[in-house]
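Work through the exercises below with the sequence and the model open. Try each task before reading its solution.

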Amino acid sequence: MLKCGASEVKITPNLGMGIPGYFDDRRADGILDDLYAKALAVESDGECAIVIVCDTINLDRQDVLRMRKKISEKTGICPDRISISATHTHTGGPSWSGFESHREPEYLNRMISGAAEAAITAYESMRPAKIGFGIGELTGVSFIRRFFMKDGSVRTNPGNDPDVVREEGEPDNTLTVARVEDMDGRLIAAVTNYGVHLDTVGGTKICADYPGVLSERIKEAYGKDVVSLFLTGPCGNTNHINVKDPSSCAPDRYRQIGDAMFEKVRVLLDGMNMESEAPVRVETKRLLVNLRRPTAEQLEWAKAAAEGRDTGMEKEGDNKMFATKLFAKEMLVLQERDLYAAELEIKLIRIGGSCIAAWPGEVFVDFGQTVRAAYPGKAIMIAELANGGAECYIPTREAYGRGGYEPRMTSGGNVEEGTGERIAEATLELLGK
């Protein structure tokens with residue numbers, strides 16, 4: 001018999017706290033909607049798993065371990081059976097350091113405690129339940145943001161540049177939804193998985209972005225106690241910008257996306273086949289990967305750029321658009337840090353015939369497409385930015401040498417070429433067991 005429980009705890013930062021995600025030091029001066037840590041606990045025949053999602057831009061590995069420790073001490077669940085991911089909202093609290101943003105201990109304690117409280121409450125509220133999975137498609141929302149140019153290079157978000165040739169790939173429009181209900185058919189939780197970069201709001205007001213709108217709509221339709229968990233799918237090379245349609249950058253675009261997503265989610269929620277017997281199993285694979293280090297040539301460039309000297313690169317589109325001096329500073333900080341390797345955690349949570357794959361980093365959509373193509377028709381949710389370990393983009397092997405924003409080095413862990421391919425391969429190995 002399947003048992004499930006869900007809970008959410010508010011983790012909205014105070015006004016005046018930092019908002020990471022851009023190149024400048026933004027400070028919160030308002031709140032469009034609250035941020036939450038949300039948890040779903042599932043158990044079958046003594047096997048239990050907890051899935052947690054935080055409305056935040058990223059999760060440090062040490063924060064994940066602290067959350068797991070708190071939850072394990074209270075529930076007795078093995079820490080390895082707990083998966084924690086970030087939605088990647090660019091209008092969240094100060095949980096990440098980079099460029100001019102800094103982690104703030106007061107907020108980190110709030111987020112960690114909130115996530116642990118949500119998980120413990122979800123675990124303690126588990127009762128007999130049924131679950132169902134549905135697969136749909138949401139188009140016109142996610143767009144590849146990397147483009148081949150006439151000179152053979154690739155640029156990120158080039159706008160309406162006449163030198164654009166074509167996109168570097170295709171978006172993944174797969175929308176996967178899970179319905180969790182009690183034995184009387186009342187909705188306990190809705191889990192949604194889709195990949196489009198959570199940077200549609202901007203500004204200096206706290207906002208959960210389009211998943212917040214989705215949650216709002218689900219509560220209106222199904223009840224205020226229903227927990228809506230959003231697992232951000234691979235979207236390292238996508239965003240909401242349609243270069244052929246200026247309205248895609250409208251100030252209320254996040255609400256448009258949330259509303260459009262809800263309409264698709266509702267159809268799936270209301271048409272699912274439910275089951276009360278769904279075995280739960282958690283499998284983990286760990287990869288040791290090398291981290292990229294600056295070359296002597298790159299360091300020479302970084303020193304010149306940081307000092308404001310002409311490097312001959314200032315007129316290139318990506319350097320002008322993406323803060324040359326700040327990236328130079330990031331590279332110099334990276335050189336001072338002893339970062340040479342990282343252990344990445346790939347987690348597979350099986351629930352009946354469906355599953356949730358938890359991946360580190362901001363992963364390119366190509367890898368999710370690879371995994372889904374191997375199992376057509378199978379409900380496979382893929383949550384990126386899960387469980388810490390890689391605070392960076394994870395491009396395809398080919399993308400590293402083509403330029404653009406995503407492959408550039410920052411002061412965090414920059415994984416080596418081929419890491420994304422290894423993540424997809426490890427996931428396929430787990431699925432094949």
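Contact here means heavy atoms within 4.5 Å. The model is a predicted one.

**Exercise 1. Which residues does C54 touch, not counting residues up to four places away in sequence?**

Step 1. Set aside the residues up to four places away from C54 in sequence.
Step 2. List what remains: C54 touches I11, Y36, A37, M67, I84, S85, A86, T87, M111 and A115.
Step 3. Place C54 in the wider packing. The largest nonpolar core has 34 residues, and C54 is among those with the most contacts inside it, together with I50, I52, M67, I84 and M111.
Step 4. Assign this core to elements. Those giving two or more residues are β5 (36-44), β6 (47-54), α1, β7 (82-86) and α2. The largest share, 9 residues, comes from α2.
Step 5. Look for another core. One of 28 residues lies apart from the largest core, and its members include C4, V227, I356 and A383.

**Exercise 2. Decide whether M67 is buried or exposed, and find its contacts.**

Step 1. Locate the residue: M67 belongs to helix α1.
Step 2. Apply the cut-off: a residue is buried under 20% relative accessible area. M67 has a relative accessibility of 0%, so it counts as buried.
Step 3. Leave aside neighbours within four places in sequence. M67 then contacts C54, L59, I84, M111, I112, A115 and A116.
Step 4. Compare sequence and space for one pair: M67 and G132 are separated by 65 residues in sequence and by 28 Å from C-alpha to C-alpha.

**Exercise 3. Describe how helix α1 packs with helix α2.**

Step 1. Take the geometry. Helix α1 (residues 61-75) and helix α2 (residues 105-124) have axes 9 Å apart, at an angle of about 35 degrees.
Step 2. Give the hand: α1 and α2 cross in a right-handed sense.
Step 3. Name the residues that make the contact. From α1 they are D63, R66, M67, K70, I71, K74 and T75; from α2 they include L108, M111, I112, A115, A116, A119 and Y123.
Step 4. Sort the contact by class: 10 residues are nonpolar, 3 polar and 5 charged.

**Exercise 4. At what angle do helices α3 and α4 cross, and which residues meet?**

Step 1. The axes of α3 (residues 210-222) and α4 (residues 253-269) cross at roughly 45 degrees and come within 8 Å.
Step 2. Classify the angle: α3 is therefore oblique to α4.
Step 3. The crossing of α3 past α4 is right-handed.
Step 4. On the α3 side, Y210, V213, L214, E216, R217, I218, A221 and Y222 take part; their partners in α4 include Y254, I257, M261, F262, V265 and L269.
Step 5. By class, this contact has 12 nonpolar, 1 polar and 6 charged residues.

**Exercise 5. Find where H240 and S7 lie, and decide whether each is buried or exposed.**

Step 1. H240 sits in the loop between β17 (238-239) and α4. Its relative accessible area is 8%, so H240 is buried.
Step 2. Beyond four places in sequence, H240 touches V141, F143, V196, D199, T200, S248, R253 and I257.
Step 3. S7 is part of strand β1 (residues 2-10). With 10% relative accessibility, S7 counts as buried.
Step 4. Under the same exclusion of residues up to four places away, S7 touches A37, K38, A39, A118, T121, A122 and V227.

Technical notes: Residues are numbered from 1 along each chain as its sequence is written. This is a predicted model: local features need pLDDT of at least 70, side-chain atom pairs count only at pLDDT 80 or more; totals for chains, interfaces and linings use all residues. Side-chain values use heavy atoms; hydrogens and water are left out. Axes are lines fitted to C-alpha atoms, for helices over the stretch in contact, and angles run from 0 to 180 degrees between N-to-C directions. Helices (H or I, at least four residues) and strands (E, at least two) are DSSP runs, numbered from the N terminus. A crossing is left-handed if the near helix is turned anticlockwise from the far one by less than a right angle, and right-handed if clockwise. Ala, Val, Leu, Ile, Met, Phe, Trp, Tyr, Cys and Pro count as nonpolar, Asp, Glu, Lys and Arg as charged, and the others, Gly among them, as polar. A nonpolar core is a set of buried Ala, Val, Leu, Ile, Met, Phe, Trp, Tyr and Cys residues joined through side-chain atoms within 4.5 Å. Buried means under 20% relative accessible area, exposed over 50%, partly exposed in between (1.4 Å probe, protein chains only). Angles under 35 degrees count as roughly parallel, over 145 as roughly antiparallel, 65 to 115 as roughly perpendicular and the rest as oblique.
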